[in-house]
Amino acid sequence: MHPRNPHQGRYDFDALCDACPELAGFLRPNPKGDRTIDFSDPEAVLCLNRALLSHQYQVHHWAIPQGYLCPPIPGRADYIHHLADLIGVDRSADSRKRIFDIGTGANCIYPILGNRSYGWNFVGTEVELRAFRSARAIVEANPCLQKNIRIVRQKNEGAIFTGILKPSDSFAATMCNPPFHPSPDEARSQNQRKTRNLKRTKIPPKSSNLNFGGQPRELWCVGGEVGFLKRMIAESQKFAGQVGWFTSLVSKSANLPYLRSQLEQAKAAEVKVVPMEQGQKQSRLLAWKF
């Protein structure tokens, strides 16, 4: 993990239970006798997230609608800290930095972590109405977020920046965690693989309703992440003078050569790929500027 990521090592369950007492009801011993939760139980994972957000970020009211993706907070925090390295960490100026979050989702996680970690101001966009309402409700329920995060509905499903980013707007960076899969069938196959991996562990799941849900727009789009990022790269050219760094997660390293070729065609002045690792999971941050 990034050195500034506060979620290093094992969870401090005593502190987390102090912040969210209901978490105690989900704790159970792992094969070594250490306390943990059943990560295949959606309610347990939601409760852990509430505890982490309350304890570490002073966000005391957080909930998402049933069936939406529940984000792994340590991994999401890594993106925030690597982005801070990219745009420069300046505590005296960070509160004036604006970040544009593409597809904020029902959980609003990147604006929360970015604002509470660095004081950045966010505009978060969302196409899906229920997710938009959920993200906005989270912001409205937490006074510490209300003046720092604005959630905007993107009504044009074919657009990313157009219709939201005004000529007078400027942002230090954009963020994106695009839908990874090109079809619902591939998304289901990936969920089944995760389920099989969990069943191989020695901690039996409490519930058959495993925590690998997600709405269609969260999981897949035409062309998968390559298709989405191709559209994002093309549209980013129109707003080159208003954004410092355009960034996105890229799940598959095999997609990078094609994306680099698209950025070369778009005449990006600088391209960076930042590797990211959280345990056994590997990802990378793709960034470009004009």
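Two strands are said to pair if DSSP finds at least two bridges between them. Keep that definition in mind for the first stop of this tour, and remember throughout that the model in your viewer is a predicted one.

**First stop: a hairpin**

Select residues 270–278, which make up strand E8, together with residues 281–289, which make up strand E9, and you will see two strands that pair in the antiparallel sense over nine bridges. To follow the pairing, pick Glu270, which stands opposite Lys289 in E9. Now move to the turn, where two residues lie between E8 and E9 in this hairpin, and where Gly279 has a positive phi of about 65°.

**Stepping back to the whole chain**

Show the whole protein chain as a cartoon, and you can look for ten helices and nine strands. The chain has 290 residues, of which 50% count as buried, and it exposes about 14,100 Å², with carbon and sulfur atoms supplying 50% of that area. If you consider contacts between residues at least 6 apart in sequence, 71% of them join residues that are at least 24 apart.

**Second stop: Asn49 in helix H2**

Select residues 42–57, which form helix H2, and within that helix pick out Asn49. Is Asn49 buried or exposed? Its relative accessibility is 3%, so Asn49 counts as buried, given that the cut-off for buried is under 20%. Display the side chain of Asn49 and follow it to the backbone oxygen of Pro71, which it reaches at 2.9 Å. Apart from its neighbours within four places in sequence, Asn49 is in contact with Trp62, Cys70, Pro71 and Ile73.

**Third stop: helix H3**

Next, select residues 73–87, the 15 residues of helix H3, whose first and last C-alpha atoms are 21 Å apart, close to the 21 Å expected at 1.5 Å a residue. The helix is mostly covered, as 14 of its 15 residues are buried. Just after H3 comes Gly88, and its phi is positive, near 95°.

**Fourth stop: the aromatic rings**

A search of the whole structure finds ten aromatic pairs. Show the side chains of Phe100 and Phe161, which form a tilted pair with 5.6 Å from centre to centre and 45° between the planes. This pair links distant parts of the chain, since Phe100 is in strand E3 (residues 98–102) and Phe161 is in the loop between strand E5 (149–153) and strand E6 (171–176), 61 residues apart. Both Phe100 and Phe161 are buried.

Keep Phe161 selected and add Phe246, and you will find that the ring centres are 5.5 Å apart and the planes stand at 70°, so this pair is edge-to-face. Because Phe161 lies in the loop between E5 and E6 while Phe246 lies in strand E7 (residues 243–250), the pair ties together parts that are 85 residues apart in sequence. Phe161 counts as buried because its relative accessibility is 0%, and Phe246 likewise counts as buried at 0%. Widen the selection to Phe100, Phe161, Phe171, Phe239, Phe246, Trp288 and Phe290, which ring pairs link into a cluster.

**Fifth stop: helix H9 and the loop after it**

Select residues 224–236, the 13 residues of helix H9, which should span 18 Å at 1.5 Å a residue; the end C-alpha atoms are 18 Å apart, which agrees. Among the buried residues of H9 are Phe228, Leu229, Met232 and Ile233. To see what the buried residues of this helix pack against, show E3, E6, E7, helix H10 (256–265) and E9.

Then go to Lys238 in the loop between H9 and E7, which counts as exposed because its relative accessibility is 63%. Although Lys238 and Phe161 are 77 residues apart along the chain, their C-alpha atoms are separated by 9.0 Å.

**Last stop: two residues with positive phi**

Where does Cys108 lie? You will find Cys108 in the loop between E3 and helix H4 (109–118), and it has a positive phi of about 55° although it is not a glycine. Cys108 is buried, because its relative accessible area is 0%.

Finish at Lys267, in the loop between H10 and E8, where phi is near 65°, a positive value in a residue other than glycine. Lys267 counts as exposed because its relative accessibility is 69%.

Notes. Residues are numbered from 1 along each chain as its sequence is written. This is a predicted model: local features need pLDDT of at least 70, side-chain atom pairs count only at pLDDT 80 or more; totals for chains, interfaces and linings use all residues. Side-chain values use heavy atoms; hydrogens and water are left out. Helices (H or I, at least four residues) and strands (E, at least two) are DSSP runs, numbered from the N terminus. Buried means under 20% relative accessible area, exposed over 50%, partly exposed in between (1.4 Å probe, protein chains only). Contact means heavy atoms within 4.5 Å. Accessible areas come from the Shrake-Rupley method with a 1.4 Å probe; for residues, only the protein chains shown count as cover. A polar contact is a pair of N or O atoms within 3.5 Å; within protein, one must be able to donate a hydrogen and the other to accept it, and residues adjacent in sequence count only if both atoms are side-chain atoms. Rings of Phe, Tyr and Trp (its six-membered ring) pair if their centres lie within 6.5 Å; planes under 30 degrees apart count as stacked, over 60 as edge-to-face and the rest as tilted. The expected span of a helix is 1.5 Å times one less than its number of residues.
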